[in-house]
Amino acid sequence: MINVKAYVTTKEKVYLTICFIISGIVWLAALFLPGMAYYYLWTLTPIRSVFGIPLLAIIVLLIMHWGSREFFKAHIFGNSIRVSEMQFSEVYKIILEMAKKLGISQLPYTFIVNEEGRINALAIRFIGHAYVVLYSSLVDLMLKRNAVKELRMIVAHELAHHAAGHVSIWKEIFLEPALHIPYLGKAYRRACELTADRLALVVTGDLPASQRALISLACGSEALSSKTNIVGFMNQEVEFLLFFGFLREIVSTHPRITKRVIALENYGKTASLYAYESAGEPVGGWRIYGVSGPLAGTAMELTSVPIIMGRDPQACDIIIPGAGGSISRRHCTVRFDGDGTNIFLEDLGSKNGTFLSGGRRLEAGMPYTLQNGERFYLGQPDIMFELQRK
């Protein structure tokens, strides 16, 4: 279980503080000043004047909330499929795993709903219970491609909203005045989305899958989502004037997806991910062997944890010493997929490239499946490595 508060973004903390201050002032003025005026000018009955009006308003709000909850339950239970041990158990296991890592003791009700092709997921809470809603088209997009890791990220993201208190009823009621202020309320909502993304990355421990999950929401294509170039998608962020991007975003409750993917990339470079708390277990007896260069003759065993190769000791697992500027700070990664039968080599946008031994340069962000005995080099042919099975 992780400490959720430790991963809340700075932006969310700042906006939440501003919202609390503004809402506190508004509630103080709205609930007490009219009551005091009523007391001094008319009834002189403190209990009825000071507390009667606010109490009546609270009772009305609670009745409205109760009615909304019951209408929602009547719809969701009657027209959707609730995920459980007996219903879609593969999805239920993901929910259990992610909830445990996020420290959620009372499991939210999770429903698969048909929204006629829309790809989305929601976190909702009423007094009494919490809900996660997964649109059926989103689940299909993930499971038909066998992208279970992406589905784990989406589920973790929605559960993170519950774990971080983003959908807390009493918090929402208190913040209501500030959330209606133009730009401020939406800025807070966007910051909450970035926090949920970060928490989902931490508990899944898989940066590429977390990024691809978000990109899949943007693409929506079962045939193409798995082929999307992550680096190419992030580069779209510089294809428009940021001023107009800012204007478009300030009226939205969600950051643009390119920005969210970049935020995960930046955070993933420095974060101690939940899945990386141990060094990982050896998988299938595979290793990376240094054929030439500074690490010639050195064998590095692969584990279930992806490894990053480069020159920055703070960001990499395999450090290439004395290579000068030919090796980037984070040059490439070697990682397993699934049960360990496939091993991917992926360039991380390095300046001088990652190449196969025959001279083919890998496209940044596009995983390449390495075969036993296959060689690759970083930047220049004299920094060569080989994938070996012991």
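**Pocket, helix packing and an open sheet**

The largest pocket encloses about 1000 Å³ of space, as computed on a model that is predicted. Of the 38 residues that line this pocket, A123, I124, V167, E172 and R189 are the closest to its centre. The elements that each give two or more residues to the lining are α2 (46-79), β3 (121-126), α5, α6 (169-179), α7 (184-204), α8 and α11 (257-270), and β3 provides the largest share, with six residues. When the lining is divided by class, 21 residues are nonpolar, 10 are polar and seven are charged.

Two of the elements that contribute to this lining, α5 and α8, also pack against each other. Helix α5 (residues 148-163) meets helix α8 (residues 207-219) at an angle of about 80°, and their axes lie 8 Å apart. Because angles of 65 to 115 degrees count as roughly perpendicular, α5 is described as roughly perpendicular to α8. On the side of α5 the contact is made by K149, E150, M153 and I154, while α8 supplies A209, S210, R212, A213, L214, S216 and L217; the residues of this contact comprise six nonpolar, two polar and three charged.

Elsewhere in the chain, five strands form an open sheet of mixed pairing, in the order β8-β7-β9-β10-β12. The edges are occupied by β8 (318-319) and β12 (368-370), each of which has a single partner strand, so one side of each is left without a neighbour in the sheet. Within this sheet, strand β7 (residues 307-310) runs antiparallel to strand β9 (residues 332-337), to which three bridges join it, and I307 stands opposite V334 in β9.

Methods:
Residues are numbered from 1 along each chain as its sequence is written. This is a predicted model: local features need pLDDT of at least 70, side-chain atom pairs count only at pLDDT 80 or more; totals for chains, interfaces and linings use all residues. Side-chain values use heavy atoms; hydrogens and water are left out. Axes are lines fitted to C-alpha atoms, for helices over the stretch in contact, and angles run from 0 to 180 degrees between N-to-C directions. Helices (H or I, at least four residues) and strands (E, at least two) are DSSP runs, numbered from the N terminus. Angles under 35 degrees count as roughly parallel, over 145 as roughly antiparallel, 65 to 115 as roughly perpendicular and the rest as oblique. Contact means heavy atoms within 4.5 Å. Ala, Val, Leu, Ile, Met, Phe, Trp, Tyr, Cys and Pro count as nonpolar, Asp, Glu, Lys and Arg as charged, and the others, Gly among them, as polar. On a 1 Å grid over the protein atoms alone, a cavity is a set of points where a 1.4 Å probe fits but cannot get out, and a pocket is an open set with protein on both sides within 12 Å along at least five of seven lines; lining residues have an atom within 4 Å of a point. Grid points are joined across faces, edges and corners, and a volume is the space filled by probe spheres set on the points. Two strands pair if DSSP finds at least two bridges between them.
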